[in-house]
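Here's a quick briefing on how the pieces of this model fit together. Have a look at the structure first, then read on for the interfaces.

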Amino acid sequence: MTIRFEDPNRPNSYIGRTVPRPNAGKLVAGRGRYVDDIVLPRMVHVAFVRSPHPHARIGAIETGAALAEKGVLKVFTGKDLAEICTPWEGKLAHLQGMKTPPQHPLAVERACWVGEPVVAVVGRTRAEAEAGAALVEIDFEPLPAVTDIRTALDKGTPVLHEALGDNLCFRKSNEAGEVDRVFAEAPRVVEATFKTARHTGVTLEPRVIITDWNGADGQLTAHVSNQAPHMLQVLLAGHLDIPESRVHVICGDVGGSFGLKVHVYPDEVATAAIAKIMGRPVKFASDRVEAFTSDIHARDHEATGRIALDENGMILGFDVDDWTGIGPYSIYPRTSAVEGLQVTNLIGGPYAFDHYRCRTSVVFQNKGICAQYRAVGHPVAVAITEGLVDKAAAEMGIDPIEIRRRNLIADDDYPKTTAAGLKLEGLSHHKSLDSLIEAMDYEGLRAEQKDLREKGVHRGIGIASFIELTNPSPFMYGIGGARISAQDGCTVRMDPDGSVVALTGVTEQGQGTEAIMAQIVAEAVGVSPDLVRVVTGDTRVTPFGGGTWASRGAGIGGEAALQAGRAVRQQALEVAAAMLQAKAGDLDVRDGIIVDARSGEERLTLAEVGRIVYFRGDTLPKGLPRELMQTRHFITSDYPYAFTNGVQASYVEVDTDTGFVKLLKHWCVEDCGRIINPLLVDEQIRGGIVQGIGAALFEEVCYDASGQMLNGTMADYLVPMSAEMPDMVIRHVETPTAESALGAKGAGEAGTAGAPAAIMNAINDAIRPLGGTVTHMPFTPERILRALGTITD
Amino acid sequence: MSEHFRSRIDLEFTVNGEAVELTVPAGRHLIDVLRLDLELTGSHAGCEHGVCGACTVLVDGQTVRGCLTLAAQLDGAEIWTVEGLTESGAIADLQAAFVERNALQCGYCTPGMLASAKTLVESGSVPSREAIREHMSGNYCRCTGYEAIVDAIETVARTRAGVEARVEAKVR
Ligand code: FES
Ligand code: FES
């Protein structure tokens with residue numbers, strides 16, 4: 001039975017509606033339970049001594065003074081923990097030629113970035129642990145540091161990990177067509193360089209974990225602020241030599257994640273190892289300085305790109321050389337090569353053309369580790385693509401909308417495999433662009449821009465089309481040997497009162513997972529969403545799943561929930577049919593009541609079915625199946641990824657005296673397939689856009705040439721605050737995926753993917769007539785004044 | 001660390017309308033007094049540096065940063081946190097508007113946001129969106145992009161002003 005999504009008046013029509021989030025009430029009341037809120041009996045606290053050097057050999061470690069400090073219980077070095085915890089290597093088998101050395105929970109011989117944990121000090125309180133940490137003396141012998149990306153492979157540059165031979169972690173080239181010939185012969189070739197700064201996630205809740213080893217049960221419990229509990233379960237078990245079944249990971253309320261909390265961190269593994277040694281609960285709560293130095297960083301790409309066009313402005317090809325520095329280790333277990341890899345796949349993504357080359361070079365440096373952060377690779381690829389398209393349009397005198405109209409893949413040209421090799425099921429670039437133009441009144445804005453220009457006010461309009469990878473299959477990680485689940489599961493259970501519990505393998509970090517699961521299950525079973533309770537984030541309780549990342553929660557977890565809910569409904573109908581001596585096929589469940597499907601006549605409540613099944617099963621025919629609890633799992637199989645598309649526009653005003661950019665308005669039209677909860681999708685997109693705005697205008701982790709971090713506080717690393725942010729208009733086109741009955745694709749990363757490019761193009765639209773352009777993010781007042789020639793030194 | 005700095009201090013103040021007597025280390029900050037000593041975990045720490053606003057609570061009617069306020073400054077103070085504001089119903093309309101408008105995602109910033117918003121909507125006038133954005137710009141939110149928060153506060157300010165205007169009209 002299919003759901004008639006096109007009929008908003010169908011029974012139990014909760015999918016597609018704005019329904020309030022069931023867990024929001026407790027959060028506004030301060031009743032959330034984040035990991036740092038948890039206090040366990042006998043719990044101790046760990047603080048880390050971190051390397052102050054970008055690169056140094058670790059000599060003698062003097063711990064006597066720390067151990068003598070009141071309240072300090074234990075001190076552990078890298079060698080201590082190496083005895084009970086095996087090292088890891090963030091590699092994937094399908095990323096050929098990838099190199100990365102073994103990494104330990106605490107640095108053993110060398111510290112390789114400022115902030116790498118070297119010694120762990122355990123105290124009765126966090127303050128005592130920190131006081132002890134301040135007394136540990138480590139004999140560091142500084143070593144030469146690698147910091148620059150482009151010269152990392154040069155002969156004169158020191159090799160960071162001698163055993164690897166050079167500083168190249170991974171290199172991949174993706175090539176199709178005849179790039180050299182086409183670029184040599186093309187009527188128009190436009191070139192530019194781009195930089196995306198090094199960012200970090202700055203979740204408001206810093207990373208935090210409590211691990212508890214119960215020796216009597218031989219069991220490790222971890223309460224952790226994380227997006228992938230089952231992944232963590234498997235990996236902690238492996239490295240600490242505990243059976244997987246004896247590791248229990250619980251992710252309760254999570255104070256923001258954005259990819260930052262999907263990785264394995266050395267200090268968190270160290271906390272687990274210490275719990276296993278000490279046999280009592282250990283808490284590690286990162287402070288903000290630690291967050292800046294030890295949370296994953298991302299982006300940090302430098303690229304040179306070229307676009308070739310014919311005389312009509314039709315794109316012939318792209319040729320991009322991308323470089324990225326990822327710190328001293330590839331992240332575990334997802335690897336730090338994926339952001340570069342995504343760039344090689346995503347350049348030119350929205351457009352039809354035949355000739356393609358993109359190479360990424362992923363190099364080691366003595367800085368924080370870079371890894372997957374919201375919209376992995378997309379903001380980089382979209383900025384390069386849309387920066388080149390706009391530059392070409394400007395040089396050829398073509399309106400930015402017009403050049404996109406000419407080149408965007410036609411809405412009826414799917415399924416399609418792009419020159420970069422991406423399999424696209426169905427996208428709506430042109431429909432989305434039409435909707436954007438109408439939403440923003442493009443012509444009106446252009447007229448206003450022209451008028452104001454004459455008055456010396458410099459406003460700009462920037463457009464950015466993009467595609468976005470969602471609903472990943474095992475092609476992303478599983479085929480590379482990583483124990484990261486691409487499938488997900490949901491168990492739906494009906495209780496005696498007719499209410500429903502849904503246990504899902506995807507997790508909640510504020511996106512609204514619980515709300516959409518409740519809606520989907522409510523519609524599937526035929527009850528009101530407030531009768532559905534959703535359980536997430538507990539490896540003992542939920543089906544084995546991947547968690548929430550890569551915009552997979554709704555598309556993968558949602559489909560499993562839909563199928564499990566429908567299975568429970570079918571089972572309830574079978575029981576009701578037996579009770580009513582009717583045929584299950586003639587009955588339906590509507591708002592908690594079994595009705596005659598054709599007439600709608602009410603026959604029986606679900607609560608009555610529950611009462612009979614659970615308390616008076618003797619009255620049902622012997623052998624009648626009566627499992628009002630069903631589990632279904634879902635995995636995508638037709639396409640490696642479900643691509644979504646969208647287009648954003650930014651309207652800015654540049655103060656040419658100060659270089660400040662005022663964001664006047666922002667628009668986004670997005671196609672994430674079937675929308676389950678419009679309000680939640682809109683707010684995902686708005687939040688994502690603002691993260692993209694941060695990338696465009698403010699955010700940059702700064703290191704000096706020696707590898708010292710210069711801005712490790714929130715006062716120095718600027719993030720978007722409410723005063724500077726614009727209002728945002730969000731619209732949708734819906735092209736559901738046919739891979740699932742639900743038809744949902746992901747929506748969580750689109751905002752971040754497209755916003756930086758839209759803002760870059762808007763700034764350049766404003767300042768190009770004055771003779772400047774900017775392509776190195778963030779676009780600080782200084783960089784803009786340099787582009788304008790106001791600052792020249 | 002000097003003996004003086006280590007010493008503990010005795011405090012008497014009220015939290016959420018309840019009298020509290022406590023002895024705490026002199027260097028203790030309000031956010032730790034709330035979270036560690038009083039188990040009021042609704043207030044959060046995000047930066048412990050006075051920047052993010054996650055620790056915002058009300059002391060004698062004013063918003064303060066719990067991470068910058070020393071316990072020693074609290075003697076005799078009247079403190080309200082999200083737990084007490086919820087119980088008293090003082091911000092019920094703000095909370096309802098936040099839920100309705102989805103002005104929170106992970107919720108980590110929300111208690112601080114509500115405390116900051118409370119002082120704004122209490123002013124009785126209807127602030128412009130720019131004024132709301134300005135007033136709230138000491139509270140960092142990584143999730144929402146702020147627009148929903150501005151909307152929710154604007155709605156409450158309007159409703160409250162409307163109610164007050166009607167009351168005024170009746171009085172007149
Ligand atoms: S924790 Fe107090 S302002 Fe951030
Ligand atoms: S809702 Fe997550 S920080 Fe504001």
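Buried area here is the accessible area (1.4 Å probe) that two parts lose on being put together, summed over both. By that yardstick, chain B and chain A bury about 3800 Å² between them, with carbon and sulfur atoms giving 56% of it. This is a predicted model, where local features need pLDDT of at least 70, side-chain atom pairs count only at pLDDT 80 or more, and totals for chains, interfaces and linings use all residues. Residues are numbered from 1 along each chain as its sequence is written, chains are lettered from A and ligands numbered from 1 in the order in which they are written, and side-chain values use heavy atoms, with hydrogens and water left out.

**Chain B against chain A**

- On the chain B side 46 residues are in contact (heavy atoms within 4.5 Å) with 49 residues of chain A.
- Gln105(B), Tyr140(B) and Arg142(B) lose the most area to chain A in chain B, together 20% of what that side buries.
- The rule finds 8 salt bridges across this interface, a salt bridge being a side-chain nitrogen of Lys or Arg within 4 Å of a carboxyl oxygen of Asp or Glu.
- Arg129(B) and Asp727(A) form a salt bridge, with their closest N and O atoms 2.9 Å apart.
- There are also 29 residue pairs in polar contact between chain B and chain A (both at pLDDT 80 or more). A polar contact is a pair of N or O atoms within 3.5 Å; within protein, one must be able to donate a hydrogen and the other to accept it, and residues adjacent in sequence count only if both atoms are side-chain atoms.
- Helices (H or I, at least four residues) and strands (E, at least two) are DSSP runs, numbered from the N terminus. Elements giving two or more residues to the chain B side are α3, α4 (92-101), α5 (110-121), α6 (129-135) and α7 (147-171) of chain B.
- α4(B) gives the most to that side, with 5 residues.
- By class, the chain B side has 19 nonpolar, 16 polar and 11 charged residues. Ala, Val, Leu, Ile, Met, Phe, Trp, Tyr, Cys and Pro count as nonpolar, Asp, Glu, Lys and Arg as charged, and the others, Gly among them, as polar.

**Inside chain B**

- Chain B splits into domain 1 (3-85) and domain 2 (91-161), with bounds from an automatic or database domain assignment.
- The contact takes 15 residues from domain 1 of chain B and 14 residues from domain 2 of chain B.
- These two domains bury about 1100 Å², of which carbon and sulfur atoms give 62%.
- In domain 1 of chain B, His44(B), Val82(B) and Leu85(B) lose the most area to domain 2 of chain B, together 38% of what that side buries.
- The rule finds 0 salt bridges across this domain interface, but 5 residue pairs in polar contact (both at pLDDT 80 or more).

**Inside chain A**

- Chain A is assigned domain 1 (24-32 + 487-634), domain 2 (35-143 + 206-254 + 261-294) and domain 3 (375-470 + 638-787).
- Domain 1 of chain A and domain 2 of chain A bury about 1400 Å², of which carbon and sulfur atoms give 47%.
- The rule finds 1 salt bridge across the interface of these two domains.
- Lys26(A) forms a salt bridge with Asp253(A), the closest N and O atoms being 3.1 Å apart.
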